[in-house]
Amino acid sequence: MTGSPDAFGQGDGTRRQWAARLAFAAAGGAAVVLLIVGGLKSLALMIAGLAALAVAVAGLWWALTHRGTRRLLAIGLAAGAVAAVLVGYALVDLLWAVLLVLALWAVAVAAGRSALSHGTSKPVEHRTPAPARPFLIMNPRSGGGKVERFGLAARARALGAEVVLLDPEHHQDVAELARAAVTRGADLLGVAGGDGTQALVAGVAAEHGVPFLVISAGTRNHFAMDLGLDRTDPGTCLDALTDGVELRIDLGTIGDRVFVNNASFGTYAAVVQSPAYRDDKVRTILEMLPDLLTHQRGPRLALRAAGTEVDAPQAVLVSNNPYAPGDAGGLGRRPRLDTGALGVLGVKVDNAAQAVGLLRGGSATGLTALAAREVVIDADAPEIPVGVDGEALVLPTPVVCRIRPAALRVRVPRHRPGVPSARPPLDWRRLREIAFPPRDTVA
């Protein structure tokens, strides 16, 4: 029998081996179709397609960094480059072959990533007694009214929790509400709301050493997702009150404030500070981006972390634990929340050529990705806009972000979906080792 047992079992090793072989077969099939069906003509058209993609990316960069007529011309250039190549493929009757090649390549990528995926190792779970006096804060407006739609307040009260519903018409200090509850004897703090509110109460829970309960009633629920909670039914999060386990996770800090997801600097943080952003997001972004991306507006940033320095990045994202490999935008998931390190993503693109270079990936093309225990963001201004877990703030420089390992006790249901598997980057050398292992590993 081929395939050797690994940390995930012999069956999983065999599955990964065949997935890797499928990746090579699909990639080879794409090459065969490309070369045999069209010969040198199809190879030329493939090169033309790559050139059109580069022109389209450059056009989009120019569109983001200009306004008015120049922006329209840049958009026209990007669209025209793609359209011209597609028309060229169709005129020489090779469009079907190109679509087949793309389909085979998609299969190769999917199979390759499946073979390289080892799954997400589970964090250590601690069995602890159920809370006797849980205290929950719920935001009725969060997530488009999920608190009322799922009957969260009534369900929590039926389980013995004290529930405070925030008044949408009046600001309430959720951190003070949580501290007062601990003073009265609360032995668990929880939030049904957005990640910004989650972070404020999580900081109080960590401060007093009491467990924290996350109820996925926000809009995006990134924190809940990375804890492996059910985001489709926030009511299931309440199962942790009666049948739960505890996880020990890290917290990020920015100054004296806690964040559970990330802190953003530069372009995005500056845009969300605009008074017009809430009323017309798209128009505000398109109006402000040209000056922000070309350093004609906003402070000039400087990033220092783990011995690396980046001068004048347009955007920096500091996350509580690194995002999965390949998730350069920080829009996906973090496989673990207990690595004891911050994730750092810095983007510096000063011209269209560098924007095209981002297609190749890697730190040499303007993307810096690393892990660090401390990150310093400085600027040529006394204070800078910062987005902390979606909340718009203005903080004095330099801004220092740190990690607090295992600072928070999080109580989660014993039965939960789990963290979705991350998509690993393609590594063809590793795929070859999986698909065709050395003979001494053959049983």
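**Reading helix packing and backbone turns**

Tutor: In α2, R71, A74, A78, A81, V85 and Y89 are buried. The model is predicted.

Student: What makes these α2 residues count as buried?

Tutor: The cut-off is a relative accessible area under 20%. R71, A74, A78, A81, V85 and Y89 of α2 are classed as buried.

Student: How do you know that the reach of α2 fits its residue count?

Tutor: Compare two values. Helix α2, residues 68-91, has 24 residues and reaches 34 Å from first C-alpha to last. At 1.5 Å a residue, 34 Å is expected, and the reach is close to that.

Student: Why are α6 and α7 called roughly parallel?

Tutor: Helix α6 (residues 174-183) and helix α7 (residues 195-208) pack at about 30°, with axes 9 Å apart. Angles under 35 degrees count as roughly parallel, so α6 is roughly parallel to α7. Their crossing is right-handed.

Student: Which residues make the contact of α6 and α7?

Tutor: From α6, V174, A175, A178, R179 and V182. From α7, T197, L200, V201, V204, E207 and H208. By class, the contact has 7 nonpolar, 2 polar and 2 charged residues.

Student: What makes α3 and α12 roughly perpendicular?

Tutor: The axes of α3 (residues 95-116) and α12 (residues 428-435) cross at roughly 70° and come within 10 Å. The range for roughly perpendicular is 65 to 115 degrees, therefore the pair earns that label. W105, A108, G112, A115 and L116 of α3 meet W428, R430, L431 and I434 of α12.

Student: Why is A51 called partly exposed?

Tutor: A51 lies in helix α1. Its relative accessible area is 40%. Buried needs under 20% and exposed over 50%, so A51 is partly exposed.

Student: Is A306 buried or exposed, and what value decides it?

Tutor: A306 has a relative accessible area of 54%. The cut-off for exposed is over 50%, so A306 is exposed. A306 sits in the loop between β8 and β9, and its phi is near 50°.

Student: Is A312 buried or exposed?

Tutor: A312 has a relative accessible area of 2%. Under 20% is buried, so A312 is buried. A312 lies in the loop between β9 and β10, with a positive phi of about 60°.

Student: What makes such phi values worth noting?

Tutor: Most residues other than glycine have a negative phi. D93, just after α2, also takes a positive phi, about 60°.

Student: What is the peptide bond from T397 to P398?

Tutor: It is cis, with omega near -5°. P398 lies in the loop between β15 and β16. Most peptide bonds are trans.

Methods
Residues are numbered from 1 along each chain as its sequence is written. This is a predicted model: local features need pLDDT of at least 70, side-chain atom pairs count only at pLDDT 80 or more; totals for chains, interfaces and linings use all residues. Side-chain values use heavy atoms; hydrogens and water are left out. Helices (H or I, at least four residues) and strands (E, at least two) are DSSP runs, numbered from the N terminus. The expected span of a helix is 1.5 Å times one less than its number of residues. Buried means under 20% relative accessible area, exposed over 50%, partly exposed in between (1.4 Å probe, protein chains only). Axes are lines fitted to C-alpha atoms, for helices over the stretch in contact, and angles run from 0 to 180 degrees between N-to-C directions. Angles under 35 degrees count as roughly parallel, over 145 as roughly antiparallel, 65 to 115 as roughly perpendicular and the rest as oblique. A crossing is left-handed if the near helix is turned anticlockwise from the far one by less than a right angle, and right-handed if clockwise. Contact means heavy atoms within 4.5 Å. Ala, Val, Leu, Ile, Met, Phe, Trp, Tyr, Cys and Pro count as nonpolar, Asp, Glu, Lys and Arg as charged, and the others, Gly among them, as polar.
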